[in-house]
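Please open the structure in your viewer and keep the selection tool at hand, since this tour moves from one selection to the next.

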Amino acid sequence: MRTIQYSDITDAVRSMCIEAAYVLPDDVLARIKEARAAEPFHRAQGILDDIIENARIASSKRIPICQDTGTAVFFVEMGEGVRIDGGGLLDAVNEGVRRGYTDGYLRSSVVNDPIFDRINTGGNAPAVTHVDLVAGDKLSITLLPKGAGCENMSALAMLKPSEGSAGVAKFVCDAVIRAGGNTCPPVIVGVGVGGTADAVCALAKKALLRPVGVHNGDGRYAQIERYLIKEINASGVGPQGLGGMHTALWVAVEYMPCHIASMPVAVCMNCHAARRASVEL
Amino acid sequence: MQSKPPIKLTFPLANKEMLAPLRAGDRIRLSGTVYTARDAAHKRFMTLLEKGRPLPVKLENQALYYCGPTPPTKTSVIGSAGPTTSSRMDIYTPDILRKTGLAAMIGKGDRGPAVIEAIKECGAVYMAAIGGAGALISSRIKSSQIICYEELGTEAVYKFEVESLPLIVAIDSKGNDLYELGPKEYLWS
């Protein structure tokens, strides 16, 4: 058994929350700059220029990239040989979130009750935390601060297996195009296929963690990704939904086994401020 | 196609007729005062309007900005302050436009048919700020003050004094809708 201190987890989570809010990942920023260079439409060029300038101001002047610093969504891989000393994993993560969002001057956007009270919890906790138990004695934590504008446009379909890749592609394209400017395009599109209704939604979100520019290792799924990027960008929706070549910066499709009678598909989009951070303890 | 140079506007306006020449797609540099309000503040405004009571801010000829900023640091005026999704306010907007004389709304994303109808009827405009450009927008905010509903946290009503806020006319006073027209303009160009 390897022992990890509770306080080391809260410290790491606190730092990740702050850094993710201020600094756009290199791969995302590089892709936005490529999009700007290739964008032929005047309005979209201006918007992409402002988005690039925004990233510069955010990191240099330490102002959050976006005021919606998100729901803090975590994907944790916990080695079976890890023991936490001083408290539980979820408590450590939530305490780290509270400290990070408070110390980093980030927005507390979480309310306690979805229908009735809707009272802000302060400190943006609790986070949404997915935990996988894996072999080994490491603890790896990845944060995806997820803004609501794009999260609200998420979509799930339980397709028939006979609908195949064409059915998947049509559902994904429709969801992205129908969302228009609400997702803050140009977006990164995460797609999950397979599993069950609950598992496929988490898989679509997890697809957003893959670095921009990296295709699925299975060539058939990579082919679907290439097709989707082309089709989505042929829509003309464009940056902010106001027209242009770049509606999607990237599409990542992940799959998992599923029931003989099922073909679940989920779409989870991330705005151009596609923030994330990782740490391994 | 080249775009026209940006048009300068200062809020509050002397009158809404000044908005009539604006067209969907025009770039704007807005200076002066804007008031923030999101879902919770809109809901409270509506309750007051339904009771025939005055609002805590006079919205005639003003601009309402759909924004919930991050908090300021010890040395800054305000934190990140980009727009939120406007369509969540659609249920309140027609009444607010008709009953308060509000001139302009600033947000992101498209609006429903009832909002577009009310915009035409009232000679108002809806302008898009760039969603996700909260740091850039923050750098154009020169002062910030909470006017009311402080207990709502980020959803309180703030008064911002802004300088050269970059916006795009998304729905003009004739009802032209850039979310409809913009993609077509690109595809046909």
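The stops below go from a whole chain to a core and then to a single helix.

Before starting, bear in mind that this is a predicted model.

**Stop 1: chain A as a whole.** Select chain A and colour it by secondary structure, which comes to 8 helices and 10 strands. The radius of gyration of this chain is 19 Å, close to the 19 Å that the globule rule gives for 281 residues, so chain A is as compact as a globular protein of that length. Turned along its principal axes, chain A has C-alpha atoms that fill a box of roughly 55 × 50 × 40 Å. If you switch on the surface of chain A, you are looking at about 11300 Å² of accessible area, with 55% of that area belonging to carbon and sulfur atoms. Beneath it, buried residues account for 56% of the 281 residues in chain A. Among the contacts in this chain between residues at least 6 apart in sequence, 82% join residues at least 24 apart.

**Stop 2: the largest nonpolar core.** Now select A:Val172, A:Val189, A:Leu228 and B:Phe45, which touch the most other members of the largest nonpolar core, a set of 100 residues. Add helix 6 of chain A, residues 164-179, which gives the most to this core with 8 residues. Colouring domain 1 (2-20 + 65-146) and domain 2 (149-274) of chain A separately is helpful here, because both give residues to this core, so the core lies between them.

Then centre the view on A:Val172 and show its neighbours: leaving aside residues up to four places away in sequence, A:Val172 touches A:Val189, A:Val191, A:Leu228, A:Val265 and A:Val267. For a second, separate core, select B:Leu19, B:Leu30, B:Ile141 and B:Leu167, which are among its 28 residues.

**Stop 3: helix 3 of chain B.** Move to residues 113-122 of chain B, which form helix 3, and show the side chains of the buried residues B:Val115, B:Ile116, B:Ala118, B:Ile119 and B:Cys122. Looking down the axis of helix 3 of chain B, you will find that its buried residues fall within an arc of 165 degrees, so they line one face of the helix. On the other side of this helix, B:Pro113 and B:Glu121 are exposed.

Which elements of chain B do the buried residues of helix 3 pack against? Select helix 2 (93-100), strand 4 (104-107), strand 5 (125-128) and strand 7 (157-171) of chain B to display these partners. Finally, step just past the end of helix 3 of chain B to B:Gly123, which takes a positive phi of about 65 degrees.

Definitions and conventions. Residues are numbered from 1 along each chain as its sequence is written. Chains are lettered from A and ligands numbered from 1 in the order in which they are written. This is a predicted model: local features need pLDDT of at least 70, side-chain atom pairs count only at pLDDT 80 or more; totals for chains, interfaces and linings use all residues. Side-chain values use heavy atoms; hydrogens and water are left out. A nonpolar core is a set of buried Ala, Val, Leu, Ile, Met, Phe, Trp, Tyr and Cys residues joined through side-chain atoms within 4.5 Å. Buried means under 20% relative accessible area, exposed over 50%, partly exposed in between (1.4 Å probe, protein chains only). Helices (H or I, at least four residues) and strands (E, at least two) are DSSP runs, numbered from the N terminus. Domain bounds come from an automatic or database domain assignment. Contact means heavy atoms within 4.5 Å. The radius of gyration is taken over C-alpha atoms; the globule rule is 2.2 Å times the number of residues to the power 0.38. Accessible areas come from the Shrake-Rupley method with a 1.4 Å probe; for residues, only the protein chains shown count as cover. The arc is that of the directions from the helix axis to the C-beta atoms.
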